[in-house]
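The following note sets out, point by point, what may be read from the model shown below. It is meant to be read with the structure in view.

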Amino acid sequence: MTEKEMRSLKKTDLLQIIEDQKNEMELVRSHIEKIRLRLEQKELVMETPGDIMKSALQINELFRSAQKESKQSLDQIKAMEEQQNKSLQLKENAVINWCEVKQEETRQICTTMWEETRQKCSALERETKEKCERMEENAKTEVEKRWTEISDRLQAFYEAHKELREFIATTDEGQNIQI
């Protein structure tokens, strides 16, 4: 299987390949173990020196084959691991970029909301100040109106009671009160 084909495989397919390789390795190990047991039990009967040599070559070939398959499996696993690491790094970078974009968008929204709130507060402050000034002006006008009314009443009362004025003037010897 080429590297390009491996990259196009899904994660489940790659795991299946690893599982198949693992099963195959177990079969090879099992076969090696059977041969070793047979050797230990001396079940292999060697009739000629050629048979011993042939058996040794077969065992060596079996070991080479197992070693080669193990190396291929390890190489495939390492390649898949590297590809997964690259894929994870790309995904991590994408998430970081997305977070940065969202953070900037949020910052802009907050800035806009802050400015709108500041403008509304300024407008409310102006309106409140103008309302207070109108109320103060109305209060001054009302006070003046009432003061004029009270003064007019007091003047009328004072003029209606001339005797009181004369009395006040005589008790006030030397002091001049004007009303």
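**Notes on the predicted model**

1. Trp-147 counts as exposed, because its relative accessibility is 58% and the exposed class begins over 50%. The residue is placed in helix α3. Together with Ile-150 and Leu-154, Trp-147 makes up a nonpolar patch on the surface, and the three residues share about 350 Å² of accessible area. The model is a predicted one, and the points that follow should be read accordingly.

2. As to the overall fold, the secondary structure of the protein consists of four helices and zero strands. Read from the N terminus, the order of elements is α-α-α-α. The protein has 179 residues, of which 8% count as buried. Two of the helices recur in the points below: α2, which spans residues 11-40, and α3, which spans residues 49-160.

3. Where do α2 and α3 come together in the model? One place is the lining of the largest pocket, to which each of these helices supplies at least two residues. A further indication is given by individual residue pairs. Ala-66 is found in helix α3, and Glu-26 in helix α2. The C-alpha atoms of Glu-26 and Ala-66 are 10.0 Å apart, although 40 residues separate the two along the chain. For Ala-66 and Val-28, which are 38 residues apart along the chain, the C-alpha separation is 6.5 Å.

4. Is Ala-66 buried or exposed? Ala-66 is buried, since its relative accessible area is 11% and the limit for that class is under 20%. Glu-26, by contrast, counts as partly exposed because its relative accessibility is 43%, a value that falls between the 20% and 50% limits.

5. The largest pocket holds about 190 Å³ of space. Its lining comprises 11 residues, and those nearest the centre are Lys-11, Leu-14, Gln-83, Gln-84 and Ser-87. Helix α3 gives the most to this lining, with six residues. Sorted by class, the lining has four nonpolar, three polar and four charged residues.

6. Side chains of opposite charge can pair when their charged atoms come close. In the whole structure, eight salt bridges are found. Three of them, which lie within helix α3, are described in points 7 to 9.

7. Glu-104 and Arg-107 form a salt bridge in which the closest N and O atoms are 2.7 Å apart. Both residues belong to helix α3 and are three residues apart, or about one turn of the helix. Glu-104 is partly exposed because its relative accessible area is 34%. Arg-107 also counts as partly exposed, at 43% relative accessibility.

8. What joins the side chains of Lys-140 and Glu-136? These side chains meet in a salt bridge, with an N to O distance of 4.0 Å. This distance stands at the cut-off itself, as a salt bridge is counted within 4 Å. Because Lys-140 and Glu-136 are four residues apart in helix α3, about one helical turn separates them. Lys-140 counts as partly exposed at 48% relative accessibility, and Glu-136 counts as partly exposed at 47%.

9. A salt bridge is likewise found between the side chains of Glu-142 and Arg-146, with an N to O distance of 3.2 Å. The two residues lie in helix α3, four residues apart, which again is about one turn of the helix. Glu-142 is partly exposed, with 34% relative accessible area, and Arg-146 is partly exposed, with 49%.

10. In summary, the predicted model shows four helices without strands. Helix α3 carries Trp-147 of the nonpolar patch, gives the most residues to the lining of the largest pocket, and holds salt bridge partners such as Glu-142 and Arg-146.

Note on methods. Residues numbered from 1 in each chain as written. Predicted model: local features only at pLDDT ≥ 70, side-chain atom pairs only at ≥ 80, totals over all residues. Heavy atoms only, no water. 1 Å grid on protein atoms, 1.4 Å probe; cavity = no way out; pocket = protein on both sides within 12 Å on 5 of 7 lines; lining within 4 Å. Points joined across faces, edges and corners; volume = space filled by probe spheres on them. Nonpolar A, V, L, I, M, F, W, Y, C, P; charged D, E, K, R; others polar. Patch = residues over 30% accessible without salt bridge, like charges linked within 9 Å, V, L, I, M, F, W, Y side chains within 5 Å. Areas by Shrake-Rupley, 256 points an atom, 1.4 Å probe, with all protein chains shown as cover. Buried < 20%, exposed > 50% of the residue type's maximum accessible area, 1.4 Å probe, protein only.
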